[in-house]
Amino acid sequence: MRVEPLGDRAYILRDLETPPFEIAAWLNLKKPAGLVEAVASYETVGLYVEGGFDPGSVDLSSLVAGSARVFAALEPPHHRIPVCYALGEDLVDAASSLGMSPGQLVEGHSGATYTCHAVGFCPGFAYLGYLPDSIAGVPRRASPRTRVEPGSVGITGRQTGVYPLPRPGGWAIIGRTPLTLVDVADAFFPIQAGDTVEFVSIGPEEFEARRGERL
């Protein structure tokens, strides 16, 4: 593990042998003196700190080893997200770019279980990976949309995710969930780094019946 400065009030942990989301959750639980927050990404952990934090005075290696022991015994939260793939504006084009039918893309996407590796971009946006090889490689749109509707399910490269709030976006939209995944006012952010997610295909009638339900 390497510790590098990231500005004057942050550090980044690299070359990790333990999943970053486990390390971040454990550090946030243990809260060594001066640590404000540990944030996971796909391969690294960011440490945001207050004045006086000295990574040389904290046995980070022991803390990281402790996270591996603890999380090995835990079952991460699992979320089932219904998706109406018929509402995916880019489903046909995305499937065509992969040389398959829309139905095959839906089957591949809904047939996998994903890990939330990081949360970012906008409040509650969960970066989920990895897509099965058979449906990986869809490029970003040449012209990003200026507004992507909440609940839109996107894919690009090896990642998938759900836009929880209206935002600009360039991922290929292959479906939409009727569920509310984020409520900033209520601090409702059910999907955290380390959680697992699966998508369940539903039809338009069920989509309308469940519109606005919380995850």
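**A friendly note on the cores and the sheet**

1. The largest nonpolar core in this predicted model is a good place to begin: it has 27 residues, and those with the most contacts inside it are Leu105, Ile174 and Phe199. In soluble globular proteins, nonpolar side chains tend to be buried together.

2. Which elements build this core? At least two residues each come from strand 5 (78–83), strand 6 (113–119), strand 7 (126–129), strand 9 (152–156), strand 12 (172–176) and strand 13 (196–201), as well as from helix 3 (91–97) and helix 4 (102–110). Helix 3 gives the most, with three residues.

3. Do take a look at Ile174. Setting aside neighbours within four places in sequence, Ile174 is in contact with Tyr85, Gly88, Leu91, Ala94, Leu105, His109, Val153 and Ile155. Another core lies apart from the one above; this one has 15 residues, including Tyr11, Leu16, Ala24 and Leu47.

4. Now to the sheet. Four strands make up an open sheet with antiparallel pairing, in the order 1-2-4-3. Why do strand 1 (2–5) and strand 3 (35–40) each have one side without a neighbour in the sheet? Both stand at the edges, so each has a single partner strand. From one strand to the next, the twist averages 20°.

5. Strand 3 and strand 4 (residues 45–49) run antiparallel and are joined by five bridges. Within strand 4, Gly46 is the bridge partner of Val39. Helix 1 (residues 20–30) packs on the sheet, where it touches strand 2 (10–14), strand 3 and strand 4. The direction of helix 1 makes about 165° with that of strand 3.

Key
Residues numbered from 1 in each chain as written. Predicted model: local features only at pLDDT ≥ 70, side-chain atom pairs only at ≥ 80, totals over all residues. Heavy atoms only, no water. Pairing = 2+ DSSP bridges. Axes fitted to C-alpha atoms, helices over the stretch in contact; angles between N-to-C directions. Contact = heavy atoms within 4.5 Å. Core = buried A, V, L, I, M, F, W, Y, C linked by side-chain atoms within 4.5 Å. Buried < 20%, exposed > 50% of the residue type's maximum accessible area, 1.4 Å probe, protein only.
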